[in-house]
Amino acid sequence: MGFIFSKSMNENMKNQQEFMLTNAQLQLERQLTLQNEMRERQMAMQVAWSREFLKYFGTFYGITTISLTTGAIKQKKPAFLIPIFPLSFIFIYQYDLGYGTLLQRMKGEAEDILETEKSKLQLPKGMITFESLEKARREQSKFFMDK
């Protein structure tokens with residue numbers, strides 16, 4: 001009788017462990033999906049910000065370029081055209097970020113860094129562990145206890 005009861009308990013425990021494992025896997029998948037969704041939204045906001053900035057900066061760039069060109073022609077001073085050069089770089093960068101392929105090129109470069117330059121990504125003192133967090137927490141609580 002005890003053997004049958006023990007066998008039933010072991011089977012229930014095994015079923016419970018399988019359920020917990022499945023539940024943990026599902027929770028992890030949901031967390032990963034949520035993190036990816038948040039990352040995509042942040043990237044979309046960055047691109048949208050860049051496009052909005054480009055509208056204002058494009059207007060400023062156009063007015064400035066026309067004004068400086070007109071001033072250079074009327075005053076016969078080509079030095080008025082010098083500020084157009086750095087402003088052009090800013091304009092082109094913002095256009096590339098908002099409408100061009102800058103994000104794809106950055107993604108490719110990031111993937112290359114992850115594959116070939118792993119040592120540049122390491123944290124000082126290595127990966128954070130539970131023990132190091134607990135040690136820091138204890139030291140901090142001692143600091144507040146001493147005051």
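1. Let's start with a charged pair. Asp96 and Arg105 join their side chains in a salt bridge, 2.4 Å from N to O. Keep in mind as you read that this is a predicted model. The two partners sit in different accessibility classes: Asp96 has a relative accessible area of 18% and is buried, while Arg105, at 44%, is partly exposed. Asp96 gets the label "buried" because its 18% falls under the 20% cut-off.

2. How many salt bridges are there? The count comes to 5. The general idea is a simple one: side chains of opposite charge can pair when their charged atoms come close.

3. Another of these pairs is Glu37 with Arg41, where the closest N and O atoms are 3.3 Å apart. Have a look at where they sit: both belong to helix α1, which covers residues 2-75, and they are 4 residues apart, about one turn of the helix. Is Arg41 buried or exposed? Arg41 counts as exposed, with 52% relative accessibility. That label follows because 52% is over the 50% cut-off. Glu37 is partly exposed, at 34%.

4. Glu117 and Lys120 also make a salt bridge, and here the closest N and O atoms are 3.0 Å apart. Glu117 has a relative accessible area of 26%, so it is partly exposed. Lys120 counts as exposed at 64%.

5. Now for the rings. The structure holds 7 aromatic pairs. One of them is Phe57 with Tyr61, a stacked pair with 6.4 Å between the centres and 25° between the planes. Both residues lie in helix α1, 4 residues apart, which is about one turn of the helix. Are Phe57 and Tyr61 buried or exposed? Phe57 is buried, with a relative accessible area of 9%, and Tyr61 counts as buried too, at 17%.

6. Tyr61 has a second ring partner worth finding on your screen. Its ring centre and that of Phe91 are 4.9 Å apart, and the planes meet at 10°, so this pair is stacked. Tyr61 is in helix α1 and Phe91 is in helix α2 (residues 84-99), so the pair ties together parts that are 30 residues apart in sequence. Phe91 itself is partly exposed, at 25% relative accessibility.

7. Which residues join Phe57, Tyr61 and Phe91 in one aromatic cluster? The other members are Trp49, Phe53 and Phe60. Try colouring the whole cluster and then following the chain through it.

8. Last, the annotation. The UniProt record, an unreviewed entry, places the feature "transmembrane region" at residues 53-73 and 79-97. In the model, residues 53-73 are 100% helix and 0% strand, and the end C-alpha atoms lie 30 Å apart. For residues 79-97 the end C-alpha atoms also lie 30 Å apart, but this span is 74% helix, with 0% strand.

Definitions and conventions:
Residues numbered from 1 in each chain as written. Predicted model: local features only at pLDDT ≥ 70, side-chain atom pairs only at ≥ 80, totals over all residues. Heavy atoms only, no water. UniProt positions renumbered as here; feature names shortened; annotations may be inferred. Helix = DSSP H or I, 4+ residues; strand = E, 2+ residues; numbered from the N terminus. Salt bridge = Lys/Arg side-chain N within 4 Å of Asp/Glu carboxyl O. Buried < 20%, exposed > 50% of the residue type's maximum accessible area, 1.4 Å probe, protein only. Phe/Tyr/Trp six-rings, centres within 6.5 Å; stacked < 30°, edge-to-face > 60°.
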